[in-house]
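Biologist: I have a structure open on my screen and would like to learn how to read it. Could you walk me through some features?

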Amino acid sequence: MTQSRLKLALIGCGGIAQAHWQGIKQIATRIDVTTVVDTNSTNAKAMAEQTGAHAYTDLQEALQKGSFDAVDIMLPHDLHEFAALQCFAAAKHVLLEKPIAHTLQSAERILAASNRVDKVFMVAEQAQYWSDVIKARELMDAGAIGDIISASGNFYDRVANDVREPLPWRYNLAKAGGGVTIDGGAHWIRPLRMMMGEVDEVIGVAGRHIPQMQGESWSRLLLKFENGSVATLACQNVLYAPGPVEMFRITGTEGEIQITGGRNGELILFNPDHPKGRVVMNAVEGKINSYGAELKDFSEVVLDAKTMAATPAYALGELRTALALYRSIESGRWEKVW
Ligand SMILES: NC(=O)c1ccc[n+]([C@@H]2O[C@H](COP(=O)([O-])OP(=O)(O)OC[C@H]3O[C@@H](n4cnc5c(N)ncnc54)[C@H](O)[C@@H]3O)[C@@H](O)[C@H]2O)c1
């Protein structure tokens, strides 16, 4: 494509659309949002006012009448396939929020459809652009902590408990495809894969402690990677503001890397040269900017034929890891991810 700017339609104008819009304004500045779509006319109108775009309440009508080359799909998980397939059929480039879909079958249909069209398809996973995780991997590759043994990740996410019928899609198992692991847990599974390599097998447990949440509201996974290293991952919905967490810890034969969470998050390296720990970088800013980095990447793949940071086939890994956990809960055994 020889254009210098990308006309984009935002499909779904709910919570995450705000983060994407901020990222477009601040970082992905070659994108022009010309069209917004939401079946909730209030949400569509509010987003149109913010962006200056034309609002639609029906995707098909937007595809017929709107002026845009690409779409950013930010819909409940069970609607990803419906929307992506319509957009591919209308010859649009597609950015699709994670997880690809709520089931493996649906995700595979989306991937198959994307392979039949000559358009860009990318899955939005902003953790791919977290600069602290990228730095941690660089330090690991440079031997800063020796041979890698293990990792841990902690994802604590506050949710509301005062929801009423009809349940929001995220609380509805059929619409979300699972609970905390398939949803926000994806943003912890991706960094573990980036730092530790591909996940081979998973075993774990999960439970529900939030009555309205039909999927699991907590899970504990033990992950075995193809290279023999291991990780534990805690995914936890909470009903209160959670206390400070260590987001990730990577342990090697000669040291450790910690990524701490919260507003004072830091990447800290411990090894024989830094027995008290060296603060390598701030771990907050790169996360705040990661939605913009993701949209910038997408725009450059479309406009400049750049290679995307992570392919959709790779992005299947978060969904497959969550599904392996769900199978493991049923079987009580290790389950293969791929
Ligand atoms: N990357 C992240 O950090 C992150 C965070 C939250 C959500 N997400 C993902 O983003 C997606 C959306 O989540 P959300 O939290 O923004 O949800 P949300 O419920 O806040 O927003 C979804 C919007 O889609 C609209 N909608 C529903 N059906 C529609 C249809 N058929 N056509 C057009 N609009 C329709 C709703 O009215 C709503 O405004 C999900 O895939 C979710 O996993 C990602």
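Biologist: Where does alanine 283 lie?

Modeller: Alanine 283 sits in the loop between β14 (274-282) and α9 (285-288). Keep in mind as we go that this is a predicted model.

Biologist: Is alanine 283 buried or exposed?

Modeller: Buried means under 20% relative accessible area. Alanine 283 has 5% relative accessibility, so this residue counts as buried.

Biologist: Which residues does alanine 283 touch, leaving out those up to four places away in sequence?

Modeller: With those left out, alanine 283 touches Asp132, Ile259, Thr260, Gly265, Glu266 and Leu267. You can also compare sequence with space: alanine 283 and serine 331 are 48 residues apart in sequence, and their C-alpha atoms are 38 Å apart.

Biologist: Let's try a strand residue. What surrounds asparagine 271?

Modeller: Asparagine 271 belongs to strand β13 (residues 266-271). Not counting residues up to four places away in sequence, asparagine 271 touches Ala144, Glu254 and Gly255. For Ala144 there is a finer detail: the backbone oxygen of alanine 144 lies 3.0 Å from a polar atom of the asparagine 271 side chain. A polar contact needs a pair of N or O atoms within 3.5 Å.

Biologist: And is asparagine 271 buried or exposed?

Modeller: Asparagine 271 counts as buried, because its relative accessibility is 12%.

Biologist: Now the cysteines. How many disulfides are there?

Modeller: The general idea is that a disulfide is a pair of cysteine sulfur atoms within 2.5 Å. By this rule the count is zero. Take cysteine 13: the closest cysteine sulfur, in cysteine 87, is 13 Å away, so the two are too far apart for a bond. Cysteine 87 is likewise in no disulfide, with the sulfur of cysteine 13 as its nearest cysteine sulfur.

Biologist: Are cysteine 13 and cysteine 87 buried or exposed?

Modeller: Cysteine 13 is buried, at a relative accessible area of 6%. Cysteine 87 counts as buried too, with 0% relative accessibility.

Biologist: Let's turn to empty space. How do I read the second largest pocket?

Modeller: A pocket is an open set of grid points, whereas a cavity is one from which the probe cannot get out. The second largest pocket has a volume of about 190 Å³. Its lining consists of Leu173, Gly177, Gly178, Ala206, Gly207, Arg208, Gln214, Gly215, Glu216, Tyr326, Ile329 and Glu330.

Biologist: Which element gives the most to that lining?

Modeller: That is α11, with three residues. Both β8 (199-207) and α11 (312-331) supply at least two residues each. By class, the lining of this pocket divides into four nonpolar, five polar and three charged residues.

Biologist: How many cavities of 30 Å³ or more are there?

Modeller: There are two cavities of that size. The largest cavity has a volume of about 40 Å³, and Met122, Val123, Glu125, Gln128, Tyr129, Arg190 and Ala310 line it. That lining has four nonpolar, one polar and two charged residues.

Biologist: What about the second largest cavity?

Modeller: The second largest cavity has a volume of about 30 Å³. The residues lining it are Lys98, Pro99, Ile100, Val123, Glu125, Ala186, Ala315 and Glu318. By class, they are five nonpolar, no polar and three charged. When you look at both linings, find Val123 and Glu125: these residues line the largest cavity and also the second largest cavity.

Methods
Residues numbered from 1 in each chain as written. Predicted model: local features only at pLDDT ≥ 70, side-chain atom pairs only at ≥ 80, totals over all residues. Heavy atoms only, no water. Buried < 20%, exposed > 50% of the residue type's maximum accessible area, 1.4 Å probe, protein only. 1 Å grid on protein atoms, 1.4 Å probe; cavity = no way out; pocket = protein on both sides within 12 Å on 5 of 7 lines; lining within 4 Å. Points joined across faces, edges and corners; volume = space filled by probe spheres on them. Helix = DSSP H or I, 4+ residues; strand = E, 2+ residues; numbered from the N terminus. Nonpolar A, V, L, I, M, F, W, Y, C, P; charged D, E, K, R; others polar. Polar contact = N/O pair within 3.5 Å; in protein donor to acceptor, adjacent residues only side chain to side chain. Contact = heavy atoms within 4.5 Å.
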